[in-house]
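Trainee: Please take me through one part of this model in detail. I should like to know what surrounds it and how it relates to the rest of the fold.

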Amino acid sequence: MAVLRVKFTKGQRDKLAQMLWLLNWVSVMTGIILFSLGLFVKVEFSKKEELMADRDFQPVLNLLIAVGLIACIINLLGGKICYDCVDTNKFLRWKLLILPYIICSFFFTGCMLVGALMCYSMQEELQESLAEGLRDVMRYYKDTDSPGRCFLKHTMDLLQIQFQCCGNRDHRDWFHIQWISNRYLDMSKREVVDRLHSNVEGKYLLDSVPFSCCNTNSPRPCIQYQITNNSAHFNYDYLTEDLNLWKRGCHQALVEYYTKLMHSTGSTGLLIWLFELSILTGVRYLQTAMENVLRQGDPESESDGWLLENSLVETARNNFNILKNLGKINQIDTILPAGQLTMVNGRIQQSCITVL
């Protein structure tokens, strides 16, 4: 028994073909949107790749870009098929290709669904990558003379200014690392030497932050040095004062930014997937309806269309038997390479060749 059988008149088949032709062109545009969105997110990740630890997010983004590009090609072909289905004679050109087209499109939409869902599953890995990456960048902030690290100060300062953030979790992260290079420390001053000697690891630690942590919206001049020393500043209390530094940590800022990007991309991918699935369903109905017209021999007659010719159980059983028979053929080919295989009444027989 056919699954979801629908009866179509000649006019309804023509309208379905025309509607699917139009929807395929719309789907070409959605493919371009998905391709462009994937490319944009890939560029945004590349801009901040030095802030991320050894995590490779490129495969997911490459999948989205490839899916968007393939969607354009598939739907261009689908539009041509649906356009020709208005004429029975033109449909004959595609009769043998339309079913493989539907099967390939079905697996393609599966890849689109996987790519969209993976956008939602990256958040935890993204958080770990950014936390570790930001720690490394802050640790090497002072190494402006070291090859391969000299750009990290500029990167971190630009990040804190653009995203209005400070430190990894907050501004206090800067208190636990030496972010001022030794070349800029005056070793002739007793205070500097004592501070270096007071630290077990010989680091010059201060309760201060880089200038890029300063909140430009604050009416008070930025207090970036001796932040915890109330006596160093007039009318100032570290515990109660609303600091004129960015309150949000850069880890939170970046996670929110990239999570929003990935969720937007994933939502777009899911919507496009549903749209592609609906088009694919319509193409399947059109294909079965047109094939039934050819069987009846009257282009003007009514015809039935369906998603599956048999029930789900019967379809699964038939496909399993096909795969099982293919396995038997391969097994006999391997064991008896000198034999000749013939198919009689659906059964595999072997006729041996006698070598004289």
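Mentor: The second largest cavity is lined by Cys119, Tyr120, Met122, Gln123, Leu126, Thr259, Met262 and His263. Helices H4, H5 (123-139) and H8 each give two or more residues to this lining, and H8 provides the largest share, three residues. The lining divides into five nonpolar residues, three polar ones and no charged ones. Here nonpolar means Ala, Val, Leu, Ile, Met, Phe, Trp, Tyr, Cys and Pro, charged means Asp, Glu, Lys and Arg, and the others, Gly among them, are polar. The enclosed space is about 40 Å³.

The model is predicted: local features need pLDDT of at least 70 and side-chain atom pairs pLDDT 80 or more, while totals for chains, interfaces and linings use all residues. Residues are numbered from 1 along each chain as its sequence is written, and side-chain values use heavy atoms, leaving out hydrogens and water.

A cavity is a set of points on a 1 Å grid where a 1.4 Å probe fits but cannot get out, with lining residues having an atom within 4 Å of a point. Its volume is the space filled by probe spheres set on the points, which are joined across faces, edges and corners. The count is two cavities of 30 Å³ or more.

The largest cavity has a volume of about 70 Å³. It is lined by Asn24, Ile74, Asn75, Tyr101, Ser105, Phe108, Thr109, Glu276, Ile279, Leu280 and Val283. Two or more of these residues come from each of H2, H4 (98-120) and H8 (250-296). Six of the lining residues are nonpolar, four are polar and one is charged. H4 and H8 thus appear among the contributors to the largest cavity and also among those of the second largest.

The packing of H2 gives these linings a setting. The axes of H2 and H4 lie 10 Å apart at an angle of about 150 degrees, so the two helices are roughly antiparallel (over 145 degrees). H2 passes H4 in a left-handed crossing, that is, with the near helix turned anticlockwise from the far one by less than a right angle. Axes are lines fitted to C-alpha atoms over the stretch in contact, with angles from 0 to 180 degrees between N-to-C directions.

H2 (residues 58-84) also meets H1 (residues 10-47), their axes coming within 8 Å and crossing at roughly 165 degrees. H1 is therefore roughly antiparallel to H2. This crossing too is left-handed, and the contact comprises 21 nonpolar residues, eleven polar and one charged.

Leu77 belongs to H2 and its C-alpha atom is separated by 8.6 Å from that of Asn24, 53 residues away along the chain. Asn24 is one of the residues lining the largest cavity. Leu77 itself is partly exposed, at 37% relative accessibility.

As for the whole, the protein chain has nine helices and four strands (DSSP runs, H or I of at least four residues and E of at least two, numbered from the N terminus). Their order along the sequence is β-α-α-α-α-α-α-α-α-β-α-β-β. Of its 356 residues, 39% count as buried (under 20% relative accessible area with a 1.4 Å probe and protein chains only; exposed is over 50% and partly exposed in between).

Note on methods:
Angles under 35 degrees count as roughly parallel, over 145 as roughly antiparallel, 65 to 115 as roughly perpendicular and the rest as oblique. On a 1 Å grid over the protein atoms alone, a cavity is a set of points where a 1.4 Å probe fits but cannot get out, and a pocket is an open set with protein on both sides within 12 Å along at least five of seven lines; lining residues have an atom within 4 Å of a point.
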